[in-house]
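Me: I have a structure open on my screen and would like to talk through its binding sites. Could you take a look with me?

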Amino acid sequence: LRSMGSAEAHVEVSGRSVRISSPDKLLFPEAGVSKLDLATYYADLADAVFRGLADRPVALNRFPDGLGGGKSFYTKAAPKGMPDWAQTARVTFPSGRTGDEVCITEPATAVWTVQMGALELHPWPVRRADTDHPDELRIDLDPQPGTDFAEAVAVAGEAHALFEELGMRPFVKTSGGRGLHLLVRIEPRWTFVEARRAVIAFARELERRRPDRVTTSWWKEERGERIFIDFNQMARDRMTVAAYSPRARPEATVSMPVLWADLGDVEPGDFTVKTVPALVAAKGDADAEIDDVAHSLERLLEMADRDEKDR
Ligand code: ATP
Ligand code: MN
Ligand code: MN
């Protein structure tokens, strides 16, 4: 909502009117995505965007002058000048220190992050009601030099099969970078330490099954031309980019949820701020059922007990 050349616009979303100053300022100059374009993207995809962010504390990767402006920083503490309706969540960092981060309690908050120059949204794997117990396992598949997205897709398929053996339902998305992220909703009953143990046990089992394709080695020189499962991602203050968030890359690629059946037919570059709205309109949100079930960690923690005894 605005008149041409005006100094500000208002984007209507979920009953709020979010002010966007300098609406024509280009956040992604090469892709031609302005502040108003990105705010409108979040508003148009409100349900899908909100699903991955709902009630989660988020870190904002901010570029006040856009991607072309050079300057950027991660904001963890809630910035000054938040609208009075925007909320925060208290989190505890690994040091024991606490802080209040922006919490996405409604779709309008995601739109407002654009006013802050945020190009990427990075939610914690917790919800505001209990920020000490993760409700999501995240498996970060990182292609190492000599491998690429196709190898990440193959390893994701192995991971999908293993989760199904464990009675768990994983969802997959492109990172918007080189690899993939798997997300599995869990009951928020276990600590970060336990969730990390579960991810390590899962990753080591995959490595045992496919030593040719998977590595969990912390030492880069031991990883080889394989997919590294970055289990250290599962910890306090370690975020994973949100589903449908753009990445701070010239093409404005998006971290895109994909149906398992379609994963073999996609490339990360297929999904950008420009292409994703039409794809979601045509095919729906591949994460639509992600909140239907929250799984137990018990079987993975038993696997971790056995794994640690064998070492
Ligand atoms: P790729 O598929 O290319 O690995 P990625 O988003 O998974 O892309 P990683 O380097 O594996 O990138 O990082 C995983 C996650 O860690 C990111 O999605 C992001 O949420 C978070 N992250 C990475 N770097 C930083 C940083 N400097 N500050 C805060 N969070 C970060
Ligand atoms: Mn990664
Ligand atoms: Mn990583």
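Me: Which residue coordinates both the manganese ion (ligand 3) and the manganese ion (ligand 2)?

Reply: Happy to help, and keep in mind that this is a predicted model. The two manganese ions, ligand 3 and ligand 2, are 3.5 Å apart. The residue that coordinates both is Asp140.

Me: Which residues coordinate the manganese ion (ligand 3)?

Reply: The donors are OD atoms, at 2.1 to 2.4 Å from the ion. Their spacing in sequence is D-x1-D-x87-D. The residues are Asp140, Asp142 and Asp230.

Me: How many residues apart in sequence are the parts that Asp142 and Asp230 tie together?

Reply: Asp142 lies in strand β10, which covers residues 136–143. Asp230 is in the loop between β14 (227–229) and β15 (257–258), so the pair ties together parts whose separation in sequence is 88 residues.

Me: Turning to ligand 1, which residue has a polar side-chain atom 2.5 Å from one of its oxygen atoms?

Reply: Two residues approach ligand 1 oxygen atoms through a backbone N or O atom: Val241 at 3.0 Å and Thr240 at 3.5 Å. The 2.5 Å contact instead uses a polar side-chain atom, and that atom belongs to His122.

Me: How much of the area that ligand 1 exposes when taken alone does the protein bury?

Reply: Ligand 1 sits in the largest pocket. Taken alone, ligand 1 exposes 590 Å². The share of this that the protein buries is 68%.

Me: How many charged residues are in the shell around ligand 1?

Reply: There are 14 residues around ligand 1, with His122, Ser175, Gly179, His181 and Arg247 coming nearest. By class, the shell has three nonpolar and seven polar residues, and the number of charged ones is four.

Conventions: Residues are numbered from 1 along each chain as its sequence is written. Chains are lettered from A and ligands numbered from 1 in the order in which they are written. This is a predicted model: local features need pLDDT of at least 70, side-chain atom pairs count only at pLDDT 80 or more; totals for chains, interfaces and linings use all residues. Side-chain values use heavy atoms; hydrogens and water are left out. A residue is near a molecule or strand if one of its heavy atoms lies within 4 Å of it. A polar contact is a pair of N or O atoms within 3.5 Å; within protein, one must be able to donate a hydrogen and the other to accept it, and residues adjacent in sequence count only if both atoms are side-chain atoms. Accessible areas come from the Shrake-Rupley method with a 1.4 Å probe; for residues, only the protein chains shown count as cover. On a 1 Å grid over the protein atoms alone, a cavity is a set of points where a 1.4 Å probe fits but cannot get out, and a pocket is an open set with protein on both sides within 12 Å along at least five of seven lines; lining residues have an atom within 4 Å of a point. A molecule sits in a cavity or pocket if more than half of its atoms lie within 2 Å of its grid points. Ala, Val, Leu, Ile, Met, Phe, Trp, Tyr, Cys and Pro count as nonpolar, Asp, Glu, Lys and Arg as charged, and the others, Gly among them, as polar. Donors are N, O and S atoms within 2.8 Å of the metal (3.2 Å for Na, K and Ca); water is not among the atoms, so sites may look incomplete. Helices (H or I, at least four residues) and strands (E, at least two) are DSSP runs, numbered from the N terminus.
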